[in-house]
Amino acid sequence: MTRTPNGQMWHGHATMKAAALAGCTALVLALTGTGAQAHGGHSGDHPGKHRDPARQTLGANDGWASHGTGTTGGAGAAPAHVYTVSDWAGFRAALADGGTAPKIIKVRGAIDAVSAGCDSLAVPGYDFDAYLEKYAPETWGLEQDLSDEPDDSPEGRRRASAAHQNTAIKANVPPNTTIIGIGKNAGFKGASLQIKDVDNVIVRNLTLESPLDCFPQWDPTDGAKGNWNSEYDTAVVHSATHVWLDHNTFTDGEHPDSAAPTHFGMLYQQHDGELDIVRGANYVTASWNVFTEHDKTILIGNSDSESTAVGDRGKLKATFHHNLFSKLAERTPRVRFGQVDVYNNHFVAEQGFSYSFGIGKESQLVAEHNAFTLAKGVSPAKILKRWTDSPLTAENSLVNGKRVDLIAVHNAEIPEETLRSGAGWTPTLRAGIDRVQAVPALVKHGAGAGRLR
């Protein structure tokens, strides 16, 4: 059985396609709020018939997001709740319109959440040079943080400027929503999608350029030398359920960390994560995405603390399949608590690579049928990283074309971080497993924004 990049499964000459919810003529609301007539396609289960991707739902058994009620997003949206947007104000207005009724938001072109630049978000009196002068380690030291700094200090003005950005770039996604890019060049720059405390969300066919924190905070007490800390994940699944992320490209785009300056001898870090699944989030499927050009990529479970664990134990169930992970440093993903199924993905590790799978507190990671392409000098022992003693399942892994027992090679080279085999559960929500040898080609030609058919 082989899967096409569009998620269809072929067995011999027979084709099995997941049925898509029938579409209908959609009334597209203009950004001004006035209606404009448009025609939606009719989707069905017959080959050759036009399908409206905006009304597609997650197929049966396609990862954790198919559990229980499944994930339909805005597939049942009435014509009055189908929108086409091409700027940030229009997108946020569409999110806010109609309450919890099913809605479809079609994104046209690349929408910049901070089109006027970082200076437009700064409060009067904010001066980065003054900030650097005030908190330089040689004068401020490394023993005291900046939490007690008054509002009229450089740190106080930084805090106020950061609050402006927080309000400006976050978009709260309501339940029963599908957000989908039109064509090959749709997406967001500098935005943070907040999928928070809601159920039933679909995000597809978007290029999501990581938000650039305009006002990172210097923390002199973070580590031996102090550190710059940034906010704003590209997408956050926070206490939300039934979320499907499909055929998106997550990237640092025009602002890679490699181009960032250093201040106080440390990288001026302006990025946080590409995708966080935290605070009791549950039933997430990420399929056919590209995650690229980033450091701390995907975090599942944000804390080891017992207070957080109360809401995380038994949740944080997520599936990742047919994704490309390329030019990344770490966290693909880093897992706490959750039963996380990672299969049929391609990982490409270059210089600067730290690890792929982070094994955290009470994690139950199953990583099977994945392909890894490692640059010269990168050991397969680095694919796994033990943060705490949690057993995992890692089977049928292909590294540079050869089968490798990831746990065995890790334990042989890093015995002080010995890992145990056996996650203690067996995934059942898999629509189909491709031969691991075929995964790099399938993912290369099918994953990412602009490849949804």
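Student: Which residues does Phe91 touch, not counting residues up to four places away in sequence?
Tutor: This is a predicted model in which local features need pLDDT of at least 70 and side-chain atom pairs count only at pLDDT 80 or more, while totals for chains, interfaces and linings use all residues. Residues are numbered from 1 along each chain as its sequence is written, and side-chain values use heavy atoms, with hydrogens and water left out. Contact means heavy atoms within 4.5 Å. With neighbours up to four places away set aside, Phe91 touches Val85, Ile105, Ala171, Ile179, Phe188 and Leu193.

Student: Which helix gives the most residues to the largest nonpolar core?
Tutor: A nonpolar core is a set of buried Ala, Val, Leu, Ile, Met, Phe, Trp, Tyr and Cys residues joined through side-chain atoms within 4.5 Å, where buried means under 20% relative accessible area (1.4 Å probe, protein chains only). The largest such core has 75 residues, of which Phe91, Ile277, Phe320 and Phe357 touch the most other members. Helices are DSSP runs of H or I with at least four residues, strands are runs of E with at least two, and both are numbered from the N terminus. With four residues in this core, the leading contributor is helix α1 (residues 88-96).

Student: What share of the residues of the protein counts as buried?
Tutor: In soluble globular proteins, nonpolar side chains tend to be buried together. Here a second, separate core of 10 residues includes Trp288, Val290, Leu324 and Leu442. Of the 453 residues of the protein, the buried share is 55%.

Student: Which strands stand at the edges of the open sheet?
Tutor: Two strands pair if DSSP finds at least two bridges between them. By this rule 10 strands form an open sheet with mixed pairing, in the order β8-β11-β14-β19-β24-β27-β30-β33-β36-β37. One side of each edge strand is left without a neighbour in the sheet because each has a single partner strand; these are β8 (110-112) and β37 (402-404).

Student: Which residue in β14 does Phe188 stand opposite?
Tutor: Strands β11 (residues 187-189) and β14 (residues 207-209) run parallel and are joined by three bridges. In β14, the residue opposite Phe188 is Leu208.

Student: Over which residues is the pLDDT below 50?
Tutor: pLDDT is the predictor's confidence in each residue, from 0 to 100; its mean for the protein is 90, and 89% of the residues reach 70 or more. Among the elements, strand β13 (residues 199-204) has the highest mean, 99, and strand β5 (residues 35-37) the lowest, 30. The stretch below 50 has 101 contacts in the model beyond near neighbours in sequence, and covers residues 1-50.

Technical notes. Buried < 20%, exposed > 50% of the residue type's maximum accessible area, 1.4 Å probe, protein only.
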